[in-house]
Amino acid sequence: MDPIIRRRQVGEKLRRLREAAGKSQADVMAAMEWSKSKVNRIETGSVGVGKSDLVALLRFYAVADADEIEALVTDSRAARRHSGWGEYRHLVSPEFYAFVAYEESALAIRSFQPLAVPGLLQTDDYAAAVTGWRARHDRVTVDALVKLRMRRQELLERSDGPAFFFLLSEAAISYHIGENGVMRGQLKRLMTHAQEPNVTLRIVPFSAGLHPRWRDPYVVLEVGDRGSRTLEDLVLYIEDPRGELVISERAAANTTLRPSVWLDDHRDLEERAGDLDATMATLEAALARLPRS
């Protein structure tokens, strides 16, 4: 499991232990002589925690179980290793950086996109058009972001990879992104992916009307051990103009943001999206509407 995930798991455990001990973050700041930002960074998994600090913190929380202490020390040590995604850390938000690590450890990935093709299914030309829109990034940054998306797509080819369930609003394939040739190549890519055995891809037609998540691009990840196929957690990733969120089922305090609730809504929407034949017909119609020039 990627060290990014380990850090977040250790942080969640420490937060729960603090709350169980009846301690506030202010109590920790005073006892450990830490800043508020350090406490927050540790509990959110933005940074790791060294062994001496961890042992002192557990002592403050009155954690006496030797096995529990040893397990946390082991997990904390693993969390301080370098992530395989480290070269991209400066390019993306901390939330997306964590999401990429969770994505790689997923047993199943369920995604809904209302306005654009999801990154895992984008061609390099489409990805460049999206990331470079209105000169938001320079050419070097665009190339690096496209490289990141292409690397993420290696999951689609892995024999031990996750199962994929993509839902796209009909609007997502109706907006013309890039030149006609870019959009044509993207639609053909979707038609290919839709017929792959590890991918379920459905277009949610305009006629389906409103649904609970009609405006929200999101991904629900079933995260666990690939070898045993054991589910360990559900993780929700949401992105919108206000920012990004990565929420673990085990850490979710807000019921409306609980990943399992979004998973149920996603499964309901899958039933409304129709079958593969309907999706292929919608993609073929979108392709036929594109000018030849």
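This section describes the contact between two domains and the setting of one buried tyrosine, Tyr102.

The model is predicted. The protein divides into domain 1, residues 3–80, and domain 2, residues 86–289. Their C-alpha centres are 33 Å apart. Domain 1 supplies nine residues to the contact, and domain 2 supplies 11 residues.

The size of an interface is often expressed as the accessible area lost when the parts come together. Here, domain 1 and domain 2 bury about 910 Å² between them. Carbon and sulfur atoms account for 50% of that area. On the side of domain 1, the most area is lost by Ile4, Ile5 and Arg8. Together these residues make up 55% of what that side buries.

Polar pairing across the interface was also examined. No salt bridges were found between domain 1 and domain 2: the count is zero. Three residue pairs are in polar contact across the interface. The domain 1 residues that touch domain 2 comprise five charged, two polar and two nonpolar.

Tyr102 lies in helix α6, which spans residues 94–104. Its relative accessible area is 3%. Tyr102 counts as buried because this value falls under the 20% cut-off. Leaving aside residues up to four places away in sequence, Tyr102 touches Ile5, Arg8 and Glu12. The list of contacts also includes Leu221, Val223, Val235 and Val246. Ile5 and Arg8 thus appear twice: they are contacts of Tyr102, and they are among the domain 1 residues that lose the most area to domain 2. Tyr102 and Leu236 are 134 residues apart in sequence, yet their C-alpha atoms are 9.9 Å apart in space.

Terms used. Residues are numbered from 1 along each chain as its sequence is written. This is a predicted model: local features need pLDDT of at least 70, side-chain atom pairs count only at pLDDT 80 or more; totals for chains, interfaces and linings use all residues. Side-chain values use heavy atoms; hydrogens and water are left out. Domain bounds come from an automatic or database domain assignment. Contact means heavy atoms within 4.5 Å. Buried area is the accessible area (1.4 Å probe) that two parts lose on being put together, summed over both. A salt bridge is a side-chain nitrogen of Lys or Arg within 4 Å of a carboxyl oxygen of Asp or Glu. A polar contact is a pair of N or O atoms within 3.5 Å; within protein, one must be able to donate a hydrogen and the other to accept it, and residues adjacent in sequence count only if both atoms are side-chain atoms. Ala, Val, Leu, Ile, Met, Phe, Trp, Tyr, Cys and Pro count as nonpolar, Asp, Glu, Lys and Arg as charged, and the others, Gly among them, as polar. Helices (H or I, at least four residues) and strands (E, at least two) are DSSP runs, numbered from the N terminus. Buried means under 20% relative accessible area, exposed over 50%, partly exposed in between (1.4 Å probe, protein chains only).
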